[in-house]
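These are my notebook entries on a structure that I looked up step by step. I record what I checked and what I found.

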Amino acid sequence: MIGIEQIGTYIPEKKVSNLALLEKFETDEDFVRNKIGVLQRSQKEPEQKASDLCIKAFTDLQAKTTFEIEDIECCIVVTQNPDFNIPHTSAIVHGALGLPEHCASFDISLGCSGYVYALSIVTAFMQANDMKKGLIFTADPYSDIIDEDDKNTALIFGDAATVTLLDAEASLIPLGFDFGSKGAGYKGLINKDKLFMNGRAVFNFTAATVPVSINKLLDKFELDKDDIERWYFHQGSKYIVDTITKRLELDKEKVVFDMYEYGNTASSSIPILLSSGLTTFQKGQKIGLSGFGVGLSWASAIFEKM
Amino acid sequence: MSKVTDEQIIDVIGKANIVKDTSMLAKDKSLTEQGIDSLDFSGLLFSLEETFEIEIPDADIDGLQTINEIVVYVNSKCE
């Protein structure tokens, strides 16, 4: 069964402090720490592109596990901030890593729901084509599109990339997924010249939608909330993760939160958290994932350690 | 629908865990001045929409600064 084998990550060393911006945005440390949940944001160098961040994440993956590059059969990049409109960023990554010619490459254009969508798309793609090893990259360097004077976005987003190695013999496998879209609300989070976010619209969407999606999945597999060992929600902000936790009446100890030192990294937020939990799961344990945002779009999943 | 009271609005604020002690809230003073930040205010609007099954457009928000203003507004939407 195809599942998650290992995850490599890259969070740029350069950090921009939110605490240094309190006066500029007429806010205070309590708000930044306990509501936004971001004390500093990771920021790539201006010349770095999404593919450069992907390659850094791949270096981390190679340090964590051993595999032959020749064995990689698909290379997928989740991004809405590609190196170029043409070609797809996965082609650039494919070339830079020296992946074999028989390796399929394509991009997925999704934001914060992208990683969970990709897990379903790519595991199904691999299954259908009898592939054994594949890579899902996530890289959405928002620092290129953030208006540094816009309080709604300037204190939230950070740059990062991840790469997930999928393997036909992996032990963390998907039980099932739930997806959805509220396309009528697409203007809630949109990049024209710079990123614009209607915080209230995105909040309302998330608070109303994600708990329903999670409950649907639990019902489908006849599971109780307590059957889930850990919850990995997209790290939109501390306030939104707390709101989901409260509305689902989850045990706070089981909800992973960590974005204080790098910010909201869009589709990279869930795999960054998962990367540090991967080795701790015991056989039979289940975890819940949910990504939500741009679109407005969401995807939730339950995985089980076999 | 029977008239929405200030107690009901305060109850919504309490259930939303926005302030530690709702008994200290002044009904004629702006909620922002009473320590409710922008995110909590978004959460409150969401709770009001859900509780009273109404829709609050962004354009109406400026007129919803105090509990008294919210009571009048919610009643007008529930008529």
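**Helix packing in chain A**

Helix 2 of chain A passes helix 3 of chain A in a right-handed crossing. I note at the outset that the model is a predicted one. I looked up the geometry of this pair: the axes of helix 2 (residues 50-64) and helix 3 (residues 89-97) of chain A come within 9 Å and cross at roughly 45°. Angles from 65 to 115 degrees would count as roughly perpendicular and those under 35 as roughly parallel. Helix 2 and helix 3 of chain A are therefore oblique to each other.

I then listed the residues that meet. Helix 2 of chain A contributes A:Ala50, A:Ser51, A:Cys54, A:Ile55 and A:Phe58, and helix 3 of chain A contributes A:Thr89, A:Ile92, A:Val93, A:Ala96 and A:Leu97. Sorted by class, this contact holds 8 nonpolar and 2 polar residues, with no charged ones.

**Cis peptide bonds in chain A**

I looked for cis peptide bonds and recorded one between A:Ile86 and A:Pro87, where omega is about 5°. A:Pro87 sits in the loop between strand 4 (74-78) and helix 3 of chain A. I also recorded a cis bond from A:Gly295 to A:Leu296, with omega near -5°. A:Leu296 belongs to the loop between strand 12 (286-293) and strand 13 (297-305) of chain A.

**Helix 4 of chain A and the loop before it**

I checked the length of helix 4 (residues 114-128) of chain A. At 1.5 Å a residue, its 15 residues should span 21 Å, and its end C-alpha atoms are 21 Å apart, so the two values agree. Which residues of helix 4 of chain A are buried? I found A:Gly114, A:Tyr115, A:Val116, A:Tyr117, A:Ala118, A:Leu119, A:Val122, A:Thr123 and A:Met126. Helix 4 of chain A is followed by A:Asp130, which has a positive phi near 55°.

I next turned to A:Cys112, which I located in the loop between strand 5 (104-108) and helix 4 of chain A. Is A:Cys112 buried or exposed? The cut-off for a buried residue is 20 or more other C-beta atoms within 10 Å. A:Cys112 has 32 such atoms and is therefore buried. Setting aside neighbours within four places in sequence, I found A:Cys112 in contact with A:His234, A:Gly236, A:Ala266, A:Ser267, A:Gly291, A:Phe292, A:Gly293 and A:Val294. I also looked up one long separation: A:Cys112 and A:Lys252 lie 140 residues apart in sequence and 22 Å apart in space, C-alpha to C-alpha.

**Helix packing in chain B**

Helix 1 (residues 6-15) and helix 2 (residues 38-52) of chain B pack at an angle of about 125°, and their axes are 10 Å apart. Helix 1 and helix 2 of chain B are therefore oblique to each other. The crossing of helix 1 of chain B past helix 2 of chain B is right-handed. On the side of helix 1 of chain B, I listed B:Val12, B:Ile13 and B:Lys15; on the side of helix 2 of chain B, I listed B:Leu44, B:Ser47, B:Leu48 and B:Thr51. By class, the residues of this contact are 4 nonpolar, 2 polar and 1 charged.

**Loops of chain B**

I looked up positive phi values outside glycine. B:Asn17 has a phi of about 55° and is placed in the loop between helix 1 and helix 2 of chain B. With 13 C-beta neighbours inside 10 Å, B:Asn17 counts as partly exposed. B:Glu53 has a phi near 50°, and its place is the loop between helix 2 and helix 3 of chain B. B:Glu53 is exposed, because it has 10 other C-beta atoms within 10 Å.

B:Ile56 also lies in the loop between helix 2 and helix 3 (67-78) of chain B. I counted B:Ile56 as partly exposed, with 19 other C-beta atoms within 10 Å. Residues up to four places away in sequence aside, B:Ile56 touches B:Leu45, B:Leu48, B:Glu49 and B:Ile61. The C-alpha atoms of B:Ile56 and B:Lys27 are separated by 20 Å, with their positions 29 residues apart along the chain.

**Contact between the chains**

How many residues of chain B are in contact with chain A? I found 7 residues of chain B in contact with 9 residues of chain A. The side of chain B that touches chain A has 3 nonpolar, 2 polar and 2 charged residues.

Definitions and conventions. Residues numbered from 1 in each chain as written. Chains lettered and ligands numbered in written order. Predicted model: local features only at pLDDT ≥ 70, side-chain atom pairs only at ≥ 80, totals over all residues. Axes fitted to C-alpha atoms, helices over the stretch in contact; angles between N-to-C directions. Helix = DSSP H or I, 4+ residues; strand = E, 2+ residues; numbered from the N terminus. Parallel < 35°, antiparallel > 145°, perpendicular 65-115°, else oblique. Left-handed = near helix turned anticlockwise from the far one by under 90°. Contact = placed C-beta atoms within 7 Å. Nonpolar A, V, L, I, M, F, W, Y, C, P; charged D, E, K, R; others polar. Expected span 1.5 Å × (residues − 1). Buried ≥ 20, exposed ≤ 12 C-beta atoms within 10 Å, placed from the backbone.
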